[in-house]
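Pull up the model and keep a viewer handy. We'll start with a bit of backbone and then work our way over to the ligand.

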Amino acid sequence: MCSIIGYYGKEIAAPIIVKALKRMEYRGYDSVGVATKSENQIYVKKGIGKVAEVNESLKLSNLPGNIGIGHTRWATHGKVTDENAHPHSSNSGKITIVHNGVIENFTELKENLQKNGFTFKSETDTEVIVNLIQQNLSKYSDVKKSILKTVSQLKGHFAFVVMFDDGTLVAARFHEPLIIGIGKNSYFISSDVLGFIENTDDAIYLDNGNIMIIDSSDLKIFSFDGTKLKKPITKVAKEFADVNKGDYAHFTLKEISEQPDTILKAGEDTLEALENMVDFIKHAKNVYFTGSGTSFNAALLAKNLMSKYAKVKVEPLISSEILSIPESIEPNSILIVLSQSGESADVLEAVNIAKQQTAKILSIVNSSLSSLVQESSLVIRMGCGPEIGVAATKSFTAELAIIYKITEKLCEGCMGIDFNKISEAISKVLTNHSKIQAIAKELKQVSDIYVIGRGVHYPIAMEAALKLKELTYIHAEGIAGGELKHGPLALMDSNVYVIIINPDDSTYTDTITNAHEIKSRGAKIIGVSNKNNEIYDHWIQIPKIDEPMYPIIEIIPIQLLAYYSAIEKDTDPDYPRNLAKSVTVK
Ligand code: F6R
């Protein structure tokens, strides 16, 4: 989702800003812009496209000055156009802003500004903020007072950085991430540590309801009521420095390939929290799991594993659905929140609602300094390192590994999980690229793929379908095997491919029956299993392993299949269209 970067220092700002925007590309965006200040003059350049393309055509890096702001936009208010790209300037041209979030009352604010003679070049809510600041500045003649007044007038979620033509930089944070990197004689204000990690690992994390002002005298932080705050400087985790693709063609392939290692590390540096979570689950009246997208699919598996093996009832809830039905969370329950980024707006909103319902918030998070961590009573860290590819891969299996560890403790070792065996099995699957590449060549032509699984394999079917649609733009759907005859069978014909997740376990025979029903309607079958069957048109072999461990292994070849199908279709697997890594707006 939108990325923000501000720079205040002694170096030429523009190349630093462009580099920072490139490092944050994974968050997802459609347009780019940079503004700098040199000799009381503000320069702005912006346009649609990738950072490298826009830099090539507009020469963003050549802008002059040691102070600047930059932005990659993911459209919410207004189409993807050059005019709607950030930065936006106020009518006077003396104030410029970059912004992430949504201002819910922007229409009303805009109408008031228009009545007072302000005009607008874009359709964005952002241009409203910068003109509001101009209006308030002319009233108060004081930067701090004008910003405090402005934030009090805004409804919604926002993080913004404002640059004044005298070089003052001001930032505000309210339910969108914003971090200050403290370098040598320099400051970086960024949505993400990746915006400054090459320059410094010292950071100040702004809280919701904080503003920051940097001018020639100093850096100061205040709360929205104007109180001056003292904030500690934190060392950013070293793991964030490791954000190179290495020899891999794409981050997505690198991250898929890291899984034999990341599943071993999952939760390992927060073992005490893991023990405590088990204890909470044992004694809770109601246990809910929540997440969005891939993280919700992990929540579905948590439900299946915990009821099957530990006889513990947990309820998976889609985070955005909690917003519609807050009553789904009964008072005095526990809510276990799964999130790679810890910044998904739907997830944070669900947490907010659950807190109002007196629920205790326990989290499983990858980004250890995220908003979700701040909201949680207890945190288990996925520890899988930065995930740059927009499609979640290694964070999904890290979530599953932690869910396995919790379930195994709840059932006192009944599953016999051996993570070294899982790691070896994943390594074996990852040697099978050529077979999967050959199938990807066929899938290139296909318009519909269905993925079938039963029991513990159903959440994996859902996740497989999500990976395929995100990376290949092919329509894909996960189906519980037993549901086939209740509708989806009508869709089966010779144009369709069906992936059957079918290891040789208690679901095998019923799933093979599904395969026959599908095959007799002409569809092609790809079997993901340790055991071949003549019904398969293609067999993707996974190693034989004890039954409970199959789900975490069987998703790996499908991640690879989605990746190679994206390559075949010439789509960008790291940055799928219309998607963002951290979905920080509702
Ligand atoms: C799918 C994907 C998304 C995320 C979802 C939640 O590949 O990446 O569906 O899983 O946006 O994100 P987190 O886990 O960061 O809350």
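S141 sits in the loop between α4 (126-140) and α5 (143-153), where helices (H or I, at least four residues) and strands (E, at least two) are DSSP runs numbered from the N terminus. Its phi is near 50°, a positive value in a residue other than glycine. The loop between β4 (67-73) and β5 (88-89) holds P87, and a cis peptide bond joins H86 to P87, with omega about 0°. For context, most residues other than glycine have a negative phi, and most peptide bonds are trans.

A word on ground rules: this is a predicted model, so local features need pLDDT of at least 70 and side-chain atom pairs count only at pLDDT 80 or more, while totals for chains, interfaces and linings use all residues. Residues are numbered from 1 along each chain as its sequence is written, and side-chain values use heavy atoms, leaving out hydrogens and water.

Now the ligand. Around it are 15 residues (each with a heavy atom within 4 Å), the closest being S339, Q340, S341, S344 and E470. The shell splits into five nonpolar, eight polar and two charged residues, with Ala, Val, Leu, Ile, Met, Phe, Trp, Tyr, Cys and Pro counted as nonpolar, Asp, Glu, Lys and Arg as charged, and the others, Gly among them, as polar. Domain 2 (253-417) and domain 3 (429-576) each contribute at least three residues to the shell; the bounds come from an automatic or database domain assignment.

Which polar atoms lie by the ligand's oxygens? A side-chain N or O of S344 is 2.6 Å from a ligand oxygen, a polar side-chain atom of S295 is 2.8 Å from one, and a polar backbone atom of V390 is 3.2 Å from one.

Notes:
A polar contact is a pair of N or O atoms within 3.5 Å; within protein, one must be able to donate a hydrogen and the other to accept it, and residues adjacent in sequence count only if both atoms are side-chain atoms.
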